Amino acid sequence: MRLALMTDIHANREALEAVLSDAGRRDIDKFAILGDLVGYGPDPEWCVSRVQALVGAGAVCVQGNHDAAVSDPSVSLNGVARKALDWTRQRLDAAQTSFLAALPLTQTLGDVLLVHASANDPAGWIYVTSASRAMPSFRVCDARLIFCGHVHRPQLLTCDARGDVRDHNVPMGAPIPLLRSRRWLAVLGAVGQPRDGSPAAGYAVLDTATNDLTFRRVSYDVATTARKLRAAGLPEPLAERLLAGK
Ligand code: ZN
């Protein structure tokens, strides 16, 4: 099976269209969406509808903190994110709001665990940014492969038989053999708001037959998304960070 893994779409229609079009050329059998369909970006209703259609066709999807915050005011967000979310809430219809609220925090596909933030505290929205922050996720489950998002920067960690967790370089576009002597945790780069210095949309493809993972980047028309974001009256820093990939 070839599984396309996407996270942090953040209401960015142009980025999501670009990733789906790239995935469409790569014999994908199934899609997994790791949360944060909305927040920050100017096209929440289109993005939620597109993901609802993917789920209707067999995709799996978990909830992100921005998705949860649409109907749960106790989810904490910074000022800019809060403003964008208040705007987002007005744009979604009741069915879309219920869809986001009902998303599960984790999903399992065979030996794969999917979660937006950390596996050890999925509703705590912890950023997995280092080996020490990844260790509790390996300890809490026995999944061989853990995929998450939330950080918006791709990262790759392994846990060996002794429980030692290590950070690895993330090669772009080249298949990474997922050696069975270790367990793996991959933090996927964001589709709709990358923060690693490149504005290109990120996603990854897992091939369970060849047992490898490929991180991919796809250029898209960022200027159009930034223009729509400004036209919607969303906070200016959101347009600037999109253009800079920060
Ligand atoms: Zn996010």
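Tutor: Helices here are DSSP runs of H or I with at least four residues, numbered from the N terminus. Keep in mind that this is a predicted model.

Student: How far apart in helix α1 are Glu 17 and Arg 13, in helical turns?

Tutor: Their side chains meet in a salt bridge, at 3.2 Å from N to O. Both residues sit in helix α1, which covers residues 13–23. They are 4 residues apart, so the separation is about one helical turn.

Student: Is Glu 17 buried, partly exposed or exposed?

Tutor: Buried means under 20% relative accessible area, and exposed means over 50%. Glu 17 has 34% relative accessibility, so it counts as partly exposed. Its partner Arg 13, at 28%, also has a class to name: partly exposed.

Student: Which residue forms a salt bridge with Arg 89?

Tutor: Look in helix α4, residues 79–91, for a residue 3 positions from Arg 89. That spacing is about one helical turn. The closest N and O atoms are 2.9 Å apart, and the partner is Asp 86.

Student: What does Arg 162 count as, buried or exposed?

Tutor: Arg 162 forms a salt bridge with Asp 160, with the closest N and O atoms 3.7 Å apart. Asp 160 is partly exposed, at 27%. The cut-off for exposed is over 50%. Arg 162 has 69% relative accessibility, so it counts as exposed.

Student: Which residues are linked in a network of salt bridges?

Tutor: The structure holds 14 salt bridges. Side chains of opposite charge can pair when their charged atoms come close. One network links Asp 22, Arg 25, Arg 26 and Arg 216.

Student: Which residues coordinate the zinc ion?

Tutor: Look for donor atoms at 2.0 to 2.4 Å. Along the chain, the donors follow the spacing D-x1-H-x25-D-x115-H. The aspartates give OD and the histidines give NE2, and the four are Asp 8, His 10, Asp 36 and His 152.

Student: What is the site of the zinc ion, judged by the angles among its donor atoms?

Tutor: Four donors count as tetrahedral if all angles lie between 85 and 135 degrees. Here the 4 donor atoms give angles of 86 to 176 degrees. The upper value breaks that rule, and the site is irregular.

Student: How many residues apart in sequence are the parts that Asp 8 and Asp 36 tie together?

Tutor: Asp 8 lies in the loop between β1 and α1, and Asp 36 in the loop between β2 and α2. Asp 8 is buried at 0%, and Asp 36 is buried at 1%. The pair ties together parts whose distance in sequence is 28 residues.

Student: Which helices each supply at least two residues of the lining of the largest cavity?

Tutor: The structure holds 1 cavity of 30 Å³ or more, and the space in the largest cavity is about 50 Å³. Its lining includes Thr 225, Leu 229, Leu 238 and Leu 242. Match those numbers to helices 222–231 and 236–244, which are α7 and α8.

Student: How many charged residues has the lining of the largest pocket?

Tutor: The largest pocket holds about 200 Å³ of space. It is lined by 16 residues, and those closest to its centre are Asn 65, Ser 76, Leu 77, Tyr 127 and His 150. The lining of the largest cavity has no charged residues. In the pocket lining, 6 are nonpolar and 7 polar, and the charged residues number 3.

Notes. Residues numbered from 1 in each chain as written. Predicted model: local features only at pLDDT ≥ 70, side-chain atom pairs only at ≥ 80, totals over all residues. Heavy atoms only, no water. Salt bridge = Lys/Arg side-chain N within 4 Å of Asp/Glu carboxyl O. Buried < 20%, exposed > 50% of the residue type's maximum accessible area, 1.4 Å probe, protein only. 1 Å grid on protein atoms, 1.4 Å probe; cavity = no way out; pocket = protein on both sides within 12 Å on 5 of 7 lines; lining within 4 Å. Points joined across faces, edges and corners; volume = space filled by probe spheres on them. Nonpolar A, V, L, I, M, F, W, Y, C, P; charged D, E, K, R; others polar. Donors = N, O, S within 2.8 Å, 3.2 Å for Na, K, Ca; no water. Tetrahedral: all angles 85-135°; square planar, octahedral: opposite > 155°, others 65-115°.
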